[in-house]
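Here is a short tour of how the strands pair and how two of the helices meet. Keep the structure open beside you as you read.

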Amino acid sequence: MQLDLLTFTPKHILGDRDGETYDAMRDRKRLDKQMARIFELMKDGIWRRKEQIVMVTGDDWASAGARLRDLRKPKFGGYQVDRRALGNGAFEYRLLINREDAA
């Protein structure tokens, strides 16, 4: 039995996205599931490289990176998403959240 991440995801990180090509009927369910995967992985506040995020979630980096950027937006919680350089063009990321969103 597979758990539905959307059941355990804070509702405020779900919803319509911005952009000219966004179509709610076509895209919302897929992007909400993607957001739930990214949030569930990153909510522990551990620094991760993009390769780690991609490997665990199964999402390509363009999509995973877009969801991390969405998490910074006020309408998706206004979370602090940190990025730090590792050298040679490599970076790692972490998400800092409130305790009530970590459950």
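In this predicted model, strand 1 (residues 48–49) pairs with strand 3 (residues 90–96) through two bridges, running in the antiparallel sense. Strand 3 also pairs with strand 2 (residues 80–87), again in the antiparallel sense, and here there are seven bridges.

**Strand pairing**

- To find the strand 1 pairing on your screen, start at Arg48, whose bridge partner in strand 3 is Tyr93.
- For the pairing of strand 2 with strand 3, a handy landmark is Asp82, which stands opposite Arg94 in strand 3.
- As you follow the strands, it helps to remember that side chains in a regular strand alternate between the two faces of the sheet.

**The hairpin**

- Strand 2 and strand 3 make a hairpin, with two residues between them.
- Look in the turn for Asn88, which has a positive phi of about 55°.

**Where two helices meet**

- Helix 2 (residues 24–42) and helix 3 (residues 50–57) have axes that come within 10 Å and cross at roughly 120°.
- That angle lies outside the 65 to 115 range for roughly perpendicular and is not over 145, so helix 2 and helix 3 are oblique to each other.
- The crossing of these two helices, helix 2 and helix 3, is right-handed.
- On the helix 2 side, the contact is made by Arg37, Ile38, Leu41 and Met42, which meet Ile53, Val56 and Thr57 in helix 3.
- Sorted by class, this contact of helix 2 with helix 3 comprises five nonpolar residues, one polar and one charged.

Key. Residues are numbered from 1 along each chain as its sequence is written. This is a predicted model: local features need pLDDT of at least 70, side-chain atom pairs count only at pLDDT 80 or more; totals for chains, interfaces and linings use all residues. Side-chain values use heavy atoms; hydrogens and water are left out. Two strands pair if DSSP finds at least two bridges between them. Helices (H or I, at least four residues) and strands (E, at least two) are DSSP runs, numbered from the N terminus. Axes are lines fitted to C-alpha atoms, for helices over the stretch in contact, and angles run from 0 to 180 degrees between N-to-C directions. Angles under 35 degrees count as roughly parallel, over 145 as roughly antiparallel, 65 to 115 as roughly perpendicular and the rest as oblique. A crossing is left-handed if the near helix is turned anticlockwise from the far one by less than a right angle, and right-handed if clockwise. Contact means heavy atoms within 4.5 Å. Ala, Val, Leu, Ile, Met, Phe, Trp, Tyr, Cys and Pro count as nonpolar, Asp, Glu, Lys and Arg as charged, and the others, Gly among them, as polar.
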